[in-house]
Amino acid sequence: EVPPTVPHFHATGEAYETIREALERNAHVLVSGPSGSGKTYVLEQVCAQSQRRLVTVSCADGLTYGALVCATTLEQQAGATVTRSRYGALPLAMRAGAVLLVDEADQLVPELAAILHAVMEPDTRRRRLNIPETGETIEASPGFVVALTCNGLRAQTGSYHGHRLSGAILTRTWHAAADYLAPIEEAKL
């Protein structure tokens, strides 16, 4: 769905401008910054302002393959065992031409991060996902992009870190640095 617009959103700053321009150009974007600096919030509001659908997955508590790509279950139906597959967030976003927000991407295990490489091709005609469980190849609809957030790229102390983001992801994204509002700007709000 398109996120709701928040009337008091403070639409300024480097992160906002970079995210807005990246999404206008259908480019993937990586937003890094300290906890609580508004990385996810700014992405949501840029999507709201541009009327773009947003699908969000969080890696903070351990994202599974089933939640990202495809979950397969065995069910009993008329005395027979039937395999059912349910799309995860990635193929749903690709088919809808939506923005896939991968929140806390530096907490994503490398095996799942590698799945993003093919769908994050710079050439929009080459953004494809093979789903072995269903035998399908899904091609991204126009407008599909991946937006990632992480704390790790700007962590000063090194106390917050997860998995290192791959060079393939880093070279396929625009980079936006989020930061806290200046005290005077925060007081105005």
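**Exercise 1. Locate Arg52 and work out what its side chain meets.**

Arg52 is found in the loop between helix 2 (39-49) and strand 2. Helices (H or I, at least four residues) and strands (E, at least two) are DSSP runs, numbered from the N terminus. The model is predicted: local features need pLDDT of at least 70, side-chain atom pairs count only at pLDDT 80 or more, and totals for chains, interfaces and linings use all residues. Residues are numbered from 1 along each chain as its sequence is written, and side-chain values use heavy atoms, with hydrogens and water left out.

Step 1: burial and charge. Arg52 is buried but has no salt bridge. Buried means under 20% relative accessible area, exposed over 50%, partly exposed in between (1.4 Å probe, protein chains only). A salt bridge is a side-chain nitrogen of Lys or Arg within 4 Å of a carboxyl oxygen of Asp or Glu. The nearest side chain of opposite charge is Glu24, 8.7 Å away. For charge, Lys and Arg count as positive and Asp and Glu as negative; His and the chain ends are not counted.

Step 2: polar partners. The Arg52 side chain reaches the backbone oxygen of Leu23 at 2.5 Å. The side chain of Asn26 makes a polar contact with the Arg52 side chain at 3.2 Å. A polar contact is a pair of N or O atoms within 3.5 Å; within protein, one must be able to donate a hydrogen and the other to accept it, and residues adjacent in sequence count only if both atoms are side-chain atoms.

Step 3: surroundings. Not counting residues up to four places away in sequence, Arg52 touches residues including Glu1, Val2, Pro3, Cys47, Val99 and Phe144. Contact means heavy atoms within 4.5 Å.

**Exercise 2. Trace the salt-bridge network that holds Arg20.**

Step 1: members. Glu17, Arg20 and Glu24 are linked in a network of salt bridges.

Step 2: distances. Arg20 meets Glu17 at 2.7 Å, N to O. Between Glu24 and Arg20, the closest N and O atoms are 2.8 Å apart.

Step 3: spacing. Arg20 and Glu17 lie three residues apart in helix 1 (residues 14-24), about one turn. Glu24 and Arg20 are four residues apart in helix 1, so about one helical turn separates them. An α-helix has 3.6 residues a turn, so residues three or four places apart point the same way.

Step 4: accessibility. Arg20 counts as partly exposed because its relative accessibility is 27%. Glu17, at 36%, is also partly exposed. Glu24 is exposed, at 56%.

**Exercise 3. Find what the Glu121 salt bridge ties together.**

Step 1: geometry. Glu121 and Arg172 meet in a salt bridge at 3.1 Å, N to O.

Step 2: location. Glu121 lies in the loop between helix 5 (110-119) and strand 6 (128-131), and Arg172 in the loop between helix 6 (167-171) and strand 9, so the pair ties together parts 51 residues apart in sequence.

Step 3: accessibility. Glu121 is buried at 14%. Arg172 is partly exposed at 21%.

Step 4: total. The structure holds nine salt bridges.

**Exercise 4. Assemble the sheet.**

Step 1: order. Five strands form an open sheet, 2-5-8-1-9, with parallel pairing. Two strands pair if DSSP finds at least two bridges between them.

Step 2: edges. Strand 2 (54-58) and strand 9 (173-177) are the edge strands, each pairing on one side only.

Step 3: one pair. Strand 1 (residues 28-32) and strand 8 (residues 145-150) pair over four bridges. Leu148 in strand 8 is the bridge partner of Leu30.
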